[in-house]
Amino acid sequence: MSSAAQIAPSDIGDALMWNQLLTLYAHVEHRLGTALQRQHGLGLSEYRALDLLAGADDGELRMQDLASRLGLNQSSVTRLVSRLNAAGFTYRDLCPDDKRGVYTVITDAGRARHHEARTTYARILSAALDEAAQQNPLIGTLLTTARPLFLTTSQPAPPEVRTGIDRPER
């Protein structure tokens, strides 16, 4: 018996759907990355790190939490944070309870850059999704179904740019 005969039609459908979603993901990621780099000098991972930090309590996350939320390994997030530190968008701080723990803390400059880039991110994301929906009726159906679900879900309001509220040095 061939291996194709053992695959259920629902499994084939899932594989086709997943491939379409991966194509959508690649398209959107490329559009977002290009726009953020050209218009704000930020890579997509850098923007997402600033977004996570801007929304975090006290504007800080442990390095391991940031890595986990970004889906990066420890060495990749270390390089990412080094770039953000060099740009003045973040700084590192030691955990007061555990001197081995290191926090990444967003600065006022980081909040301002995130605030500027947030509009571009939202605009390009919507445009890329709309474009994909026009090119592929299945993606169009998926987005038509999914978008209203997320509009009605209560999401926390995005943090506003705060000036002069950097965390004091420890």
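1. Leucine 70. In this predicted model, leucine 70 touches Ser45, Arg48, Ala49, Leu52, Val77 and Leu80, when residues up to four places away in sequence are not counted. The residue itself belongs to helix H3. Its relative accessibility is 19%, and because the limit for a buried residue is under 20%, leucine 70 counts as buried. The C-alpha atoms of leucine 70 and arginine 48 are separated by 7.3 Å, although the two residues stand 22 places apart along the chain.

2. Contact of H3 with H4. Two of the partners of leucine 70, Val77 and Leu80, also appear in the contact of H3 with H4. On the H3 side, this contact is made by Met63, Gln64, Leu66, Ala67 and Leu70. On the H4 side, the residues are Gln74, Val77, Thr78, Leu80 and Val81. The contact comprises seven nonpolar residues and three polar ones, with no charged residue.

3. Geometry of the helix pair. Two packed helices are described by the angle between their axes and by the distance between those axes. For H3 and H4, the angle is about 105° and the axes lie 9 Å apart. H3 is therefore roughly perpendicular to H4, since angles of 65 to 115 degrees are classed in that way.

4. Valine 77. Which residues does valine 77 touch, not counting residues up to four places away in sequence? They are Met63, Leu66, Ala67, Leu70 and Leu72. Four of these names, Met63, Leu66, Ala67 and Leu70, recur among the H3 residues that meet H4.

5. Nonpolar core. The largest nonpolar core has 32 residues, and within this core Leu66 and Val77 have the most contacts. Two or more residues each come from helix H1 (9–40), helix H2 (44–55), helix H3 (63–70), helix H4 (74–86), helix H5 (108–135) and helix H6 (137–152).

6. Glutamine 64. Glutamine 64 is another H3 residue, and it takes part in the contact with H4. Is this residue buried or partly exposed? With a relative accessible area of 48%, glutamine 64 is partly exposed. Its C-alpha atom and that of glutamine 74 are separated by 6.8 Å, the two residues being ten apart along the chain. Glutamine 74 is listed on the H4 side of the helix contact.

7. Aspartate 58 and glutamate 60. Aspartate 58 is placed in the loop between H2 and E1. Although not a glycine, aspartate 58 has a positive phi of about 60°. At 56% relative accessibility, aspartate 58 counts as exposed. Glutamate 60 is in strand E1, which covers residues 60–62. At 11% relative accessibility, glutamate 60 counts as buried.

8. Surroundings of threonine 90. Glutamate 60 and threonine 90 are 30 residues apart in sequence, with a C-alpha to C-alpha separation of 9.1 Å. Alanine 109 is 19 residues from threonine 90 in sequence and 8.2 Å from it in space, again C-alpha to C-alpha. Alanine 109 lies in helix H5 and touches Gly88 and Phe89, residues up to four places away in sequence being left out of the count. With a relative accessible area of 38%, alanine 109 is partly exposed.

9. Overall arrangement. The protein chain contains six helices and three strands. From the N terminus on, its elements follow the order α-α-β-α-α-β-β-α-α. Among contacts between residues at least 6 apart in sequence, 58% join residues at least 24 apart.

10. Burial and surface. The protein chain has 170 residues, of which 34% count as buried. Its accessible surface comes to about 10600 Å², and 56% of that surface belongs to carbon and sulfur atoms.

Technical notes
Residues are numbered from 1 along each chain as its sequence is written. This is a predicted model: local features need pLDDT of at least 70, side-chain atom pairs count only at pLDDT 80 or more; totals for chains, interfaces and linings use all residues. Side-chain values use heavy atoms; hydrogens and water are left out. A nonpolar core is a set of buried Ala, Val, Leu, Ile, Met, Phe, Trp, Tyr and Cys residues joined through side-chain atoms within 4.5 Å. Buried means under 20% relative accessible area, exposed over 50%, partly exposed in between (1.4 Å probe, protein chains only). Helices (H or I, at least four residues) and strands (E, at least two) are DSSP runs, numbered from the N terminus. Contact means heavy atoms within 4.5 Å. Axes are lines fitted to C-alpha atoms, for helices over the stretch in contact, and angles run from 0 to 180 degrees between N-to-C directions. Angles under 35 degrees count as roughly parallel, over 145 as roughly antiparallel, 65 to 115 as roughly perpendicular and the rest as oblique. Ala, Val, Leu, Ile, Met, Phe, Trp, Tyr, Cys and Pro count as nonpolar, Asp, Glu, Lys and Arg as charged, and the others, Gly among them, as polar. Accessible areas come from the Shrake-Rupley method with a 1.4 Å probe; for residues, only the protein chains shown count as cover.
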